[in-house]
Amino acid sequence: MSTNTPYTTIIGLEVHVQLMTRTKLFCGCSTKFGGAPNTQVCPTCLGLPGSLPVMNRQAFDLALRAALALECTIAPFTKWDRKNYFYPDLPKGYQISQFDLPFSSDGFLEVVDPKGAFEPRRVGIVRVHLEEDAGKSMHDDAAGTGDTRIDLNRAGTPLCEIVTQPDLRSPQEARAWLNELKLLLVYLGVSDCNMQEGSLRVDANVNLHIPVPATAGAEARIAKTPIVEIKNMNSFRSVERALTYEAARQWEEWQATKAEMGKTPKQTRGWDDPAGITRAQRHKEESSDYRYFPEPDLVPVTVTAERIQSIRGGMGEPPVSLRKTLASQWQISAYDADVLVNQGRELVDYFEDLATRVGEGKVASNWMQQDVLRILNETNGTVSAFPVRPAGLADLIGRVKKGDFDTSRAREIFAEMVTSGRPVDDVVAGMGISAVSDDDVIALCRELLAANPKIVADVKSGKEQAAAGLIGQAKKKNANVNPGKVRAICLDLIREMG
Amino acid sequence: MSTSPQTLTTKDVAKVGLLARLALSEADLERMAGELSKIVGFVSMLGELDTADVAPLAHPLDTQNVFRDDVPAASLSTAEALQSAPRHDGECFLVPAVLGESSAA
Ligand SMILES: [Zn+2]
């Protein structure tokens with residue numbers, strides 16, 4: 001634990017991710033984001049009488065992939081249940097979800113901070129199950145109509161629900177773990193995890209464990225504050241802020257009330273991002289009574305070992321093992337591998353292509369981090385749209401290795417390649433840079449030595465650093481010379497003079 | 001296993017009524033407490049059977065693994081989708097104001 005608070009913060013997360021299917025879970029309506037309201041609806045997802053759901057195979061397979069990636073045990077037999085409640089965005093009056101026989105349970109996902117901000121944490125997964133989303137309610141107070149508008153385009157969208165054990169111990173850890181989960185699901189093509197478009201939502205359960213010292217009448221013990229569920233967090237940063245706020249709030253409340261878990265019902269609080277606080281939400285006392293019962297309109301699903309094998313086979317390498325692969329295959333540090341992998345599959349592909357062409361991982365990794373990534377961040381660009389492809393960058397790096405230009409010159413060339421989208425030779429010609437031949441460098445050095453007898457004398461008497469004065473002059477005469485080369489040749493020539 | 005016939009109180013019925021969003025009068029509650037008790041009592045006869053060796057049945061059909069391919073099908077037009085709605089604005093269904101963004105859970 002990295003905190004020095006007088007309590008331990010206990011955090012569990014409940015994450016919903018939208019699966020990357022073309023159609024909804026039980027009907028052929030599109031799941032595409034951003035359509036005009038109620039244009040992606042049909043009798044099934046509107047819950048009209050007589051309509052029947054049929055399970056989307058791709059949704060099931062993607063959910064299975066997520067569960068396998070999270071090291072869950074896959075149930076050989078699974079079924080769906082109706083979760084009954086009334087809300088205008090839920091047209092059937094029930095959500096098709098999974099209750100007592102979810103298709104997977106008991107997994108884990110580890111999060112490691114490469115900078116060691118917290119200890120590696122293995123977070124248990126209670127269950128992963130497959131369910132449908134509700135629609136969207138919109139209430140416009142400004143319009144003053146007093147009506148809520150309902151768009152059912154989202155209704156029936158396939159969601160994977162991922163519930164963790166209360167294994168996280170700080171808001172920072174929770175945020176880092178969510179980043180790792182998102183990275184994993186995006187790598188495996190399970191979900192795009194886009195929070196702005198509602199493809200990933202997080203609720204957090206949090207309470208405090210507070211050591212209470214022994215008193216005359218009682219032994220020392222751990223007091224647990226009532227669990228609070230936080231909702232309405234719309235970024236991982238919000239999750240971290242909300243948890244930080246909530247832990248502090250519970251500590252204050254504990255000091256004032258000494259209220260413990262179990263004596264009050266679980267409270268739900270909403271995160272108010274602009275205000276930076278959580279607020280108690282109205283408690284609907286009947287809301288916990290969902291009267292689950294088996295969904296009669298869907299038959300159960302059995303999963304064979306062969307099916308699991310085939311899903312596993314097509315999964316691709318998850319980030320956790322890709323980091324290790326990159327580090328060992330390309331001889332780069334664990335930290336560098338982490339930086340590259342955390343940027344996503346496309347950047348890793350770019351790196352591997354580059355490293356293969358350059359024939360060296362470390363140099364490729366340095367260029368990726370110091371140049372490619374920096375420019376991508378500055379321009380908010382994507383790897384796929386990056387104007388310099390691995391072949392072009394490998395070309396440039398090759399020229400640097402050959403000694404055609406020094407690294408700082410190469411950086412200028414690279415910047416120009418990015419802006420213009422033109423290859424090295426074009427850019428070099430356009431910038432008036434030309435690789436200086438060795439003969440030219442030698443001629444230039446001779447000229448400089450003749451003009452600077454004092455420096456020559458100094459070097460001869462053992463002050464090699466005096467040669468630095470020659471490099472400045474060389475640059476003035478020809479901006480394209482490689483300073484290292486000038487220095488080496490000058491020293492050689494002086495030595496030859498005897 | 002034996003189960004004695006259960007009797008539902010008017011309080012039980014009121015709770016079920018609330019969950020089902022039914023406004024039940026006192027007279028309704030009295031009448032339904034009696035009727036529902038009879039139904040529950042009838043069903044509880046099943047409890048007299050020895051089911052120790054019977055596997056739980058998740059679905060009455062002897063079918064499993066029914067899937068469809070992830071292929072888009074035609075949706076309804078917005079006008080068709082909204083045509084039976086008590087109130088709409090041509091784009092969305094209109095309902096009395098509800099609090100909160102979504103029920104999604
Ligand atoms: Zn539909």
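This is a short tour of aromatic rings in a predicted model. Over all chains, the structure holds 12 aromatic pairs.

**Stop 1.** Select A:Phe60 and A:Trp80. The two rings form an edge-to-face pair, with 6.2 Å from centre to centre and 65° between the planes. A:Phe60 lies in helix H1 (residues 57–69) of chain A, while A:Trp80 is in the loop between strand S4 (77–78) and strand S5 (81–84). The pair links distant parts of the chain, 20 residues apart. Are these rings buried or exposed? A:Phe60 has 0% relative accessibility and so counts as buried. A:Trp80 has a relative accessible area of 2%, and is therefore buried, since the cut-off is under 20%.

**Stop 2.** Keep those two selected and add A:Phe103 and B:Phe67. Together with A:Phe60 and A:Trp80, these residues form one aromatic cluster. Note the chain letter of B:Phe67 when selecting this member of the cluster.

**Stop 3.** Return to chain A and select A:Trp330 and A:Phe351. Their ring centres are 6.2 Å apart and their planes meet at 80°, which is why the pair counts as edge-to-face. This pair also links distant parts of the chain: A:Trp330 belongs to helix H5 (residues 319–330) and A:Phe351 to helix H7 (residues 345–358), 21 residues apart. Both A:Trp330 and A:Phe351 are buried.

**Stop 4.** Now look for charges over rings. Select A:Arg122 with A:Phe108: the charged end of the arginine sits over the ring, 3.7 Å from its centre. Then select A:Arg411 with A:Trp367. Here the charged end of A:Arg411 sits over the ring of A:Trp367, 5.8 Å from the ring centre.

Terms used. Residues are numbered from 1 along each chain as its sequence is written. Chains are lettered from A and ligands numbered from 1 in the order in which they are written. This is a predicted model: local features need pLDDT of at least 70, side-chain atom pairs count only at pLDDT 80 or more; totals for chains, interfaces and linings use all residues. Side-chain values use heavy atoms; hydrogens and water are left out. Rings of Phe, Tyr and Trp (its six-membered ring) pair if their centres lie within 6.5 Å; planes under 30 degrees apart count as stacked, over 60 as edge-to-face and the rest as tilted. Helices (H or I, at least four residues) and strands (E, at least two) are DSSP runs, numbered from the N terminus. Buried means under 20% relative accessible area, exposed over 50%, partly exposed in between (1.4 Å probe, protein chains only). A charge sits over a ring if NZ of Lys or CZ of Arg is within 6 Å of the ring centre and within 35 degrees of the ring normal.
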